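Colleague: Could you take one part of this model and go through it slowly, in a way that a first-year student can follow?

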Number of protein chains: 2
Amino acid sequence: MTDLEGELRSAVGAAHVLVDPDLRAPYETDWTRRFTGTARCVVRPASTAEVVAVVRACAAAGAAIVVQGGNTGLVGAGVPAGGEVLVSLARLAGVEPVDVVEAQVTVGAGVTLEKLQTHARAAGLDFGVDLAARSSATVGGMIATNAGGIRVLRHGSMRAQVAGLEAVLADGTVLTRLGGLAKDNTGYDLNQLVAGSEGTLAIVTRARLRLVPLLPARAVALVAVAGTEAALDLLTAARVQLATLSAAEIFYPEGLDLVRAYGRLPAPFGEPAGAYVVLECAAGTDPTDDILTMLSTCPAVMDATVASDRAGLERLWSYREAHTEAISAAGVPTKLDVCVPLGELTALVAELPETVARVAPKATVITFGHLNEGNLHLNVLDAGDDSDNRAEDVTDAVLRLVAAHRGTISSEHGVGRAKSPWLSLSRTPEEIAAMRRIKAALDPDGLLNPGVLLPD
Amino acid sequence: MTDLEGELRSAVGAAHVLVDPDLRAPYETDWTRRFTGTARCVVRPASTAEVVAVVRACAAAGAAIVVQGGNTGLVGAGVPAGGEVLVSLARLAGVEPVDVVEAQVTVGAGVTLEKLQTHARAAGLDFGVDLAARSSATVGGMIATNAGGIRVLRHGSMRAQVAGLEAVLADGTVLTRLGGLAKDNTGYDLNQLVAGSEGTLAIVTRARLRLVPLLPARAVALVAVAGTEAALDLLTAARVQLATLSAAEIFYPEGLDLVRAYGRLPAPFGEPAGAYVVLECAAGTDPTDDILTMLSTCPAVMDATVASDRAGLERLWSYREAHTEAISAAGVPTKLDVCVPLGELTALVAELPETVARVAPKATVITFGHLNEGNLHLNVLDAGDDSDNRAEDVTDAVLRLVAAHRGTISSEHGVGRAKSPWLSLSRTPEEIAAMRRIKAALDPDGLLNPGVLLPD
């Protein structure tokens, strides 16, 4: 056995190779507390060259690597299964000046979404993806998992923001493509192959990101509707009538109760409703009137409250955004993240409770998500002890239901370790075989994130 | 030697295996007449199953395949180098009903763009990509080369329209992913890897395509400006002030003269100008007033003419769209398709004539293209005899100039056989090596489009 730790210390400095269990611990358990494992050590490179040195040392020693950004992932893709070298990219946190003419910026993989947003806004532009974990989630992790969030309706997922990447392959080869040209048809789109590959093909070290116009005026409506079908009617009206629509989120009474208890929030409406929709418009000038006109003419609206001042926006958004924290405070959830064609959404929501109850009678399902894409986050609480595998049974039952509705087992969280046993519900044997061929071509020894995405 | 032709006849029917030189000829020379080669035979499968049978027969015989759609490619990617089995996908021409709720449609690879547009518009929707070769170019070819065209400004390139693909690998494996979900993070994006791979990784047989709103009201302005810098000033004003902007094209006096002579068109303005810009807005209601307001306040405008009736739109567009045909009528051009950052565009245009004159003193460069993306089509006429390799010298000199301005050697036409010797001007050795690894993983015997894209 080589002295891998010694080589890693030479590569990044002794202070950035953590072998002590107390120092490793924050990196070894994910945010949901569901995924945890012991790393051989935690390495914190501060540059692409240091990442290359780390990867080469690991490759020479045959040591597997797990890659971690802000550790906000939800499918166990960024924490060790056991024994890997954990490479944290948090120190790759450089930001270059915003290129206002091209509306692009190059940043390090460890830059947080919040830092990126602040940087872009200071130049009069904005970043197209936003999500609740913005203070911790990093650009590299968001690219690796093709993060979505609340503005996909307007700007697309993370893949759509990637104009270029720098990434390190398992043998230490650096792929650099940061020119950010608007069009470039000179061969395979390696950047888009690496995006969404969950660290299994390459380690993203820098990214050239597209920026979007900064829209300073926002208006938000929280709308009470009868249920999923009515929410879809509201969505249709909003999409047609609101050119400035930037978000359309849905949640349900169970989630509202949990969020209200957690955040001590008042009831948003005098009467309870079957479902709640948050609509946001973003524009150069106040879009409130457009929202009010749409709401006043849409039969699906039972009640609605609209805000356009900062405090009001935050208050209305909090009913939706506090879901994740409120759920986490209530227990260790089994998190599912699914997407079905919009025509199947109502049936899926209706069939969920019975499907879960059949395998976990005491479980509660908290459902919320991104209405426009048919993307629901299902959080199952009190599924039962891990000892009797009840969480696995719930996952299996729900994912099979989703597949029967032509849906996907992972819409924006990725597959990770959590969903890899169910990958065949969303991908054909031929696709999985093709993915393995690509994985073997770029990482023949399987050193990068083993056990993530592709089933063992 | 096996009786490959006999097996191909069994696979697709004797009438669809063309071995007679006269029957093969229309498939063996491309539209520009610059690329030509002899095929072993031309095979015309009519279904995915027939494509699989053809590919398996070729694989068993070790016979190379060249894939052809509408034969409108401009870089020699769809015509034989010599001796390949030419697989024409023109008969895969089925269209499924438009899914209006999801705004998607599934069509065969051999469907022409025009047929797709007609089909989408009959359902009240439209297709996001448009280009002058619409009556011949097919969906499969447009995906293989990631076609761009005149509406990329509004809707993105062909890749952005692909919601799903069915494709056949070199061993006959069928990858099918036509669900078209708005979000799906379950592994590598094989569809986006195949898109733009120019037939070297897989044969696209069907596609699930995104559709866009049908915008019935259009207005076009043909604008005279002093030159490239002024055109960029006009573009900036148009992008800020015209939310409905759908195209911004540029051409120059040499091209205008050629087009006028070819199409017997009148001079568009009383005075000649340094450059001409075509702006199009598309909306639900007539956008003419918005265009007029923008033009009246933009200092870059020397003169302008605006139309919104059908005849007027066609008349103004013809100055731009007739370029390709007018050039082809004038000779066999050396076609280059490049893209630089917008900040480099003026310098590139200024340096082009001298760069070409140094290697081909009698040549003429006709320049036109897509202003918004910095994407210029450079057509070099009268470069000299092929015998003295003057076309290659011109290509080499221009592509090096483009690379020096941080540009790409192929913006939307692809690399094909034409540009593969220059691939290293746009991609690093590491990227080319990674592409070869992926090619070898999916097509280990190199049967699909050998000689295309990757240099020998």
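**Two helices of chain B, then a strand and a loop of chain A**

Modeller: In this predicted model, the crossing of helices H9(B) and H14(B) is right-handed. The residues that make the contact are Thr228(B), Glu229(B), Leu232(B), Leu235(B) and Arg239(B) on the side of H9(B), and Leu342(B), Leu345(B), Thr346(B) and Val349(B) on the side of H14(B). Sorted by class, this contact consists of five nonpolar, two polar and two charged residues. Two packed helices are described by the angle between their axes and the distance between the axes. Here the axes of H9(B), residues 228-241, and H14(B), residues 342-359, come within 9 Å and cross at roughly 155 degrees. Because angles over 145 degrees count as roughly antiparallel, H9(B) is roughly antiparallel to H14(B).

Turning to chain A, strand S10(A), residues 217-225, is largely enclosed by the rest of the structure, because eight of its nine residues are buried. S10(A) pairs in the antiparallel sense with S12(A), residues 275-283, over nine bridges, and within this pairing Ala221(A) has Leu279(A) as its bridge partner. S10(A) also pairs in the antiparallel sense with S13(A), residues 303-307, over five bridges, where Val220(A) stands opposite Ala307(A).

A loop residue of chain A can be set beside this strand: Ala81(A) lies between strands S3 (65-68) and S4 (85-88), and Ala81(A) counts as exposed because its relative accessibility is 56%. Leaving aside residues up to four places away in sequence, Ala81(A) touches Gly37(A) and Arg417(A).

How values were computed. Residues numbered from 1 in each chain as written. Chains lettered and ligands numbered in written order. Predicted model: local features only at pLDDT ≥ 70, side-chain atom pairs only at ≥ 80, totals over all residues. Heavy atoms only, no water. Axes fitted to C-alpha atoms, helices over the stretch in contact; angles between N-to-C directions. Helix = DSSP H or I, 4+ residues; strand = E, 2+ residues; numbered from the N terminus. Parallel < 35°, antiparallel > 145°, perpendicular 65-115°, else oblique. Left-handed = near helix turned anticlockwise from the far one by under 90°. Contact = heavy atoms within 4.5 Å. Nonpolar A, V, L, I, M, F, W, Y, C, P; charged D, E, K, R; others polar. Buried < 20%, exposed > 50% of the residue type's maximum accessible area, 1.4 Å probe, protein only. Pairing = 2+ DSSP bridges.
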